[in-house]
Structures are given as structure tokens and as C-alpha cells.
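Hi everyone, thanks for having me. Please get the picture up on your screens, and we will walk through it together.

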Amino acid sequence: QYSMLIASQLEPTYARTVYPCFDEPAMKATFNIRIVHDPSYVALSNMPAIDVSEMRDENGSLWTVTTFNTSLKMSTYLTAFVICDFDYVTRTERGNEIRIWARKEAIKNGYLDYALNITGPIFSFLEDLLNVSYPLPKTDLVALPDFGAGAMENWGLMTFQESSLMYLPSDKFTSRKAMIAIIVSHELGHQACEMLRHFFFLFKWFGNLVTMNWWNDLWLNEGLASYFEYLGATFVEPKLSLDKIFYDHVVQPVLREDNEIGVRSLSESEDKIKGSFSLMSLFDSITYNKGASIAWMLSGFLTEKLFVRALTSYLKEFSFSNANQDDLWTHIQMVLDAQDEVQLPASVKQIMDSWTCQNGFPVLTLNLTTGTISQEQFLNKKNENSTDSYNNTWIIPISWMRNGSSQPLMWLDKSSKVFPEMQVSESEYDWILLNVNLTGYYRVNYDELNLKRLARLLENDPKAIPAVSRFQLIDDVFALTQFGYIQIETALELTKYLAREDELFIWNMVLLNLVPENLEGTLKNYEVYPLLKKYLLKRMLPIYHYYAGFIRQNVDALEDDYFAQVYLEKLFATACWLGLQDCLNLSSELYAKWMDNPEYKIPFLIRRTVCCYGVAVGSDKEWNFAWEMYNHTNSTKEEKDILLSAMSCAKESWLLYRYLQYGLSDTLFSSNCTSIIILYVVTKDIGHRIAWEFVTENW
């Protein structure tokens, strides 16, 4: 028995396909919505239903008519409706009725309880922080089984992908909890002002109260929402270390992208974006991640207190109307002018325009013998076409520390400047660190002298440098190497200390930079493989054994270690790939345990790696078990995929050949698995040839 489901997604320009309207964010109106629908379904919209009646059509069939209260003044893209046969869980927070709707069995199993428990507190947190009260009498959050957008902040009726609201009590080990907290706070965030893109979602009543004049300022909505979303998420789950997650998920990925020649700036001029064809391309990482990074930087040099004070006055003035970025700068300027603790080298508009209206970002080059710092746009020096000198300069806040103690904030407001306080002495214990805890959106290129001192410091006392700064230091040197600013040897100097590094998110970034994406193949990496084996493996041992201990004794203790949930797999996979005997043994032990008792669950954190190496180290007995479990009807899609991949890890060629044959037969597989199996096999060393021969024979 099928049930139907209708849900709308009207951002940016689809309201016009539902009803005739001037479909532009600046044209706000009130809406009276009435929906005629099948009586066995329920209709939801932005406002509460005020009347439900019946009518018959000309054929005598009975229909239900649901009429909703008149909406507040809002933009067309925020109107919404859902027609479903879902159930809901509910609670009231400060008079605002919150309901979460989902498929009946999901509600019955309690999968939405976690989301319900955190939604109310996040609302209250944002209301108190920004001193605005939520203007609607109810909020519905709907979990949709299949939803392309991830989540949408329709006012009073938010829609989410099912997986981003559900927390299955059996999901002990997923980063689900953190993700739900972040997505939910992003969307609510929008609801005063208006979880990776999935991560971003309840700060959106911000944009619903104050909408951008035109889509070229979309980043105001999304960037600020992403910033608040992280504040909201740590409020709900205090165990998340916000600065690490923010740098790892938001800033670092966009710094990697924001340096191609064609990348747009954050705020484009209006005429560039007039045609709606290019609107969709604005919903990208520049808008979300760079927007949030710039908001983070702004909050850093203003102080959070002044930033929030300015946002509060901005929200008060522009509620139910429209604003552009200059309006926000004006409000920040007003708050600044009324106090004397924080002094800026230029107006807020001049500073911020340098970050939002120019594309890319700067790299600072230091000479610490003279104390000179210069800036240029960070571009790939290995590319011929990037040699045209861009004369972009930014007004750059520089937070810095010297020998472990924080120094007063400095500003670099021209292409180069001498800072006498930054000259270092002869002593090798005299070191300087810039952009502490990533307060600014830029990279730093230290001189040889200071890098040597930092490398030495890391080897003697890694904790003298805060974790986020260690991450950033290493990320910067690899990026500088890749773009031809420095030699790889210089970068590797900073990795010598890694045996003493206990932060998984830093290890993950090192592995991203040093280890090939596709771990199965050693053939193409024949040069680097033995070197990595020699260099990395001994440095990985301490952190590997630390986590292997938990896996063997008490895996539940890792439940609150967010980075273990996201990155432990990569660490283990690398250790096994480099041939660490203990890693291979651990995989066979856990796999054997599963074979003895199919009810046993291999720890989710490393299940993929364990299954792969369990099969690789084993023989046909292990392989056949994986095949049998794959064909078990009650395994989930995720488990099936893990097994499909694991069966291609076999080290005996006849097993791989038989696997490919199985993949062809219709009775065994739905035909769309054929290509997946071939793909998995072809990436393996011994599978490479076998798969090619198989494809040509069965072309």
C-alpha cells in the first residue's frame, strides 16, 4: 500500500510555478492559503490551520478543505505546503508549539525524539542572544524521505531530509547527533534572521525577518546562518569543540577552493545576477562557508558582544523588510562609534568590502629578521596564467602570539608594512605565530628561520601551539607547497613531530595531504608507498594504538568523540594499507567474531576497513560469509554497500573473477550493481587486470 507525499521547495525562483506572483525577495506580502486535498491526508502550511471543512466535487467525491491563518509579511520563496499521512511528536517552548512530522513507524520508534528535544532550546538560545522574539505561533519540522535540498527554512514549516532529523538509538556511532544539532540550529537561525551543506540549517528566521534585497546578497542570509548555527550547535551539545569543527568543516574546505582564477567574490554586483539562470549557482560553498568564515572573522575583531549587539539593532530596524550588506555595516559602525574599547583602522564598510567584493583571499609573507609583512592574492604560482599581478589588497586583522603569549591585535592595511614588535632575536626559542585560532580568512607564509623554530617547538612541546593553530600551520604549508611558494621538504619539517600529535582532525588533514585518495592501489604509487611506509607508520603508532585500545575494550567510550566518528576510519584504513600488522590482526579478529555470531556488530566507526581487510587476509571462507550477509534481506543499504566494497578486497584472483561473474547474473543482483562491482574491483591492485579482461570479454 503506497502513500503519497507532496512537499514544496520554492527557493529561489519556484513560487511562480505554483501561483502567479512577483517572485522577488524584496516584494513581501501576507498570504492566505487554502488547500483542497484527499480526506485521508493532512495539509500543512506556514501558519496554523484555522478551519477544516468538507466539499464534494462534480463527481460526488468527498474532499477536505484546510484553511490557514493569514501569514506574516514575507517573501514568496518562503511560502510552503506539505500534504502527507505522517504522525508527529510535539512540545511547546515559550508558547511556540513545535511539531516534528515523520513517517508513522519512525515516530513510533522514537527516532525523532532527539531532534524534538533540541529544537526548543535552540529557539530560546537564539531569541535570547539576539533579543528578538519568534513571531509565529507554531513551527512544524517535516522529515521527508527523499529531499534534494538537504533542508529548507520555510517560515513556520521547515522541511528536512529524513536522515538529518532522525537519531536512531542504535546509531551509537554516527556523527548524527552533532549533525542534527548543527542543521537544526542553521534552519532555526534563519527563522530569526532567516548539518557540510547538510550541516547547515535552524538559524534562518533571521532571513525571514530580514531578507536580502536581491539574491546577490544571499551570503548575508546563509553566511550569518552558518555562523550562528555553530554557536547554536555548541550550545546544545557543549561537548563539540566548536573552533575545531568550524575550522575543519567550514574554513579549510573553502580556502582550498577560493583560489581558482574564475571563482566569484562573496557579494556580486546586482547586474551580474539578474538572470535567474545563475541564481542556483549562488547556493555554493562560497556563500555558505566563506560567508560564515567572514562572519567569524568579523565577530573576532569586533568581539562577539559588539557583533551580537549590532545584529540585534539591525534585526530591529529591518524586521519584515529588506536589507543589503551596507545596511549591516552601518549598524555595526553605529555600535562601534558608541563605545571606545574596540578601535578599527578604517570604516567597517571599507574593511568588509575588501573581503566581500574582491574574489579570493590573501597570503601574508613574513620576514621576521626585519619584522616586515607583505600581502598578495593567494594564487597558483605553477599556473602560467595566474602570473598577471592582481593588485588586490585587503585590510587584514592579525592576531598573533610570541613565545606562547598572546599579543594585541595588529592590522595590515596596505601591501606591505614593518612591525618592529615582530622582529625576532637570535635565540632559537624566540618564535612568532600569526592568525591564532584562525581569526582571519587568509594563509601565512613564514620565513625559513621562523618555520625551523616552529618545527623545533612542535617536536619539543606540541601543546605550546593551540590545536586549531597546529592544524592551520600544517594545512598552510601543504597548500603553499602545492602552489609553488615553498618546497615540499620545508613542509615535511613540520610533520616530524607527529608521533606526539593526539588530535585526530589534525591527523586527518595530514593524511589528506600525504596519502593518495584511493588507498587500494599501490601500483601507481610505487614511488611514494615505501617512503610513506617508512615515514608515516612509526609516527602513526601512538594515535593508532590509543584508538585500537578503545575498539578492543570499550568502543562506547568514543561516543562523544566527534572526530573519531568522522575520521577514525581513514586512520585505520591508512594503517592497514601501509601494512601495520596489528591493524590487519584487529581486522581479522573482529571479522572472525562476526562470522562466529552474525548478530555481533563490528564497530560502525571502522566497519568498512574491518570488512575489507577481513576478506583480504582471509580465504574463500571469509569471502563467502560476506556474500551470504550481503544477500540477507534485512541488511540496510549502507551495510550492503560496505559488503559490496569488501568483497572486492579479496587477494585471490579466482575469487575476484567469480565476484565479477556473480555481478553479471540477473538472478543474484539488481542489474545496477554490475557497474559498481566492476568499479570496486578495478581500483584494487590485482583486480585491475582481471576487471579489464572481464569487461572486454563480456562487452
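I will talk about cysteines, then one helix, then some strands, and end with a patch on the surface. Please keep in mind that this is a predicted model.

Let's begin with the cysteines. How many disulfides are there? The count comes to two. One disulfide links Cys-576 with Cys-583, and the S to S distance is 2.1 Å. Two sulfur atoms within 2.5 Å are what we call a disulfide, so this pair qualifies at 2.1 Å. Now look along the bond between the sulfurs: the torsion about the S-S bond of Cys-576 and Cys-583 is about -90°, so this disulfide is left-handed. As for where these two cysteines sit, both Cys-576 and Cys-583 are buried.

The other disulfide joins Cys-612 to Cys-649, with 2.0 Å from S to S. Its torsion about the S-S bond is -110°, and the link of Cys-612 and Cys-649 is left-handed. What does this pair tie together? Cys-612 belongs to helix α18, residues 607–617, while Cys-649 lies in the loop between α20 (637–646) and α21 (653–664), so the bond ties together parts that are 37 residues apart in sequence. Cys-612 is buried, and Cys-649 is buried too. If you number the bonded cysteines of the protein chain in sequence order, the pairing reads 1-2, 3-4.

Here are two more cysteines to find on your screens. Are Cys-21 and Cys-84 buried or partly exposed? Cys-21 has a relative accessible area of 27%, so it is partly exposed. Cys-84 has 0% relative accessibility, so it counts as buried.

Next, please find helix α10. Seven of the nine residues of α10 are buried, so this helix is largely enclosed by the rest of the structure. The buried residues include Val-348, Met-352 and Trp-355. Another of them is Ile-351, and I would like to stop there for a moment. Ile-351 is in α10, which covers residues 348–356. Its relative accessibility is 0%, so Ile-351 counts as buried. Which residues does Ile-351 touch, leaving out those up to four places away in sequence? They are Phe-301, Leu-344, Pro-345, Ala-346, Ile-395 and Trp-411. You can also look from Ile-351 across to Trp-329: these two are 22 residues apart in sequence, and 9.7 Å apart in space from C-alpha to C-alpha.

Now for the strands. Strand β15, residues 362–367, pairs with strand β16, residues 372–377, in the antiparallel sense over six bridges. To see one of these bridges, find Asn-367, whose partner in β16 is Thr-372. Between β15 and β16 there are four residues, and the two strands form a hairpin. In the turn, Gly-371 has a positive phi of about 80°.

What other strand does β15 pair with, and in which sense? That strand is β21, residues 443–445, and the pairing is parallel, over three bridges. Here you can look for Leu-364, which has Val-444 as its bridge partner in β21.

Finally, let's turn to the surface. Val-36, Met-55 and Trp-63 make a nonpolar surface patch of about 240 Å². Val-36 is in strand β2, residues 34–37. With 40% relative accessibility, Val-36 counts as partly exposed.

That is my tour, and I am happy to take questions.

Terms used
Residues are numbered from 1 along each chain as its sequence is written. This is a predicted model: local features need pLDDT of at least 70, side-chain atom pairs count only at pLDDT 80 or more; totals for chains, interfaces and linings use all residues. Side-chain values use heavy atoms; hydrogens and water are left out. Buried means under 20% relative accessible area, exposed over 50%, partly exposed in between (1.4 Å probe, protein chains only). Contact means heavy atoms within 4.5 Å. Patches are made of residues with over 30% relative accessible area and no salt bridge: like charges are joined within 9 Å, nonpolar side chains (Val, Leu, Ile, Met, Phe, Trp, Tyr) within 5 Å. Accessible areas come from the Shrake-Rupley method with a 1.4 Å probe; for residues, only the protein chains shown count as cover. A salt bridge is a side-chain nitrogen of Lys or Arg within 4 Å of a carboxyl oxygen of Asp or Glu. Two strands pair if DSSP finds at least two bridges between them.
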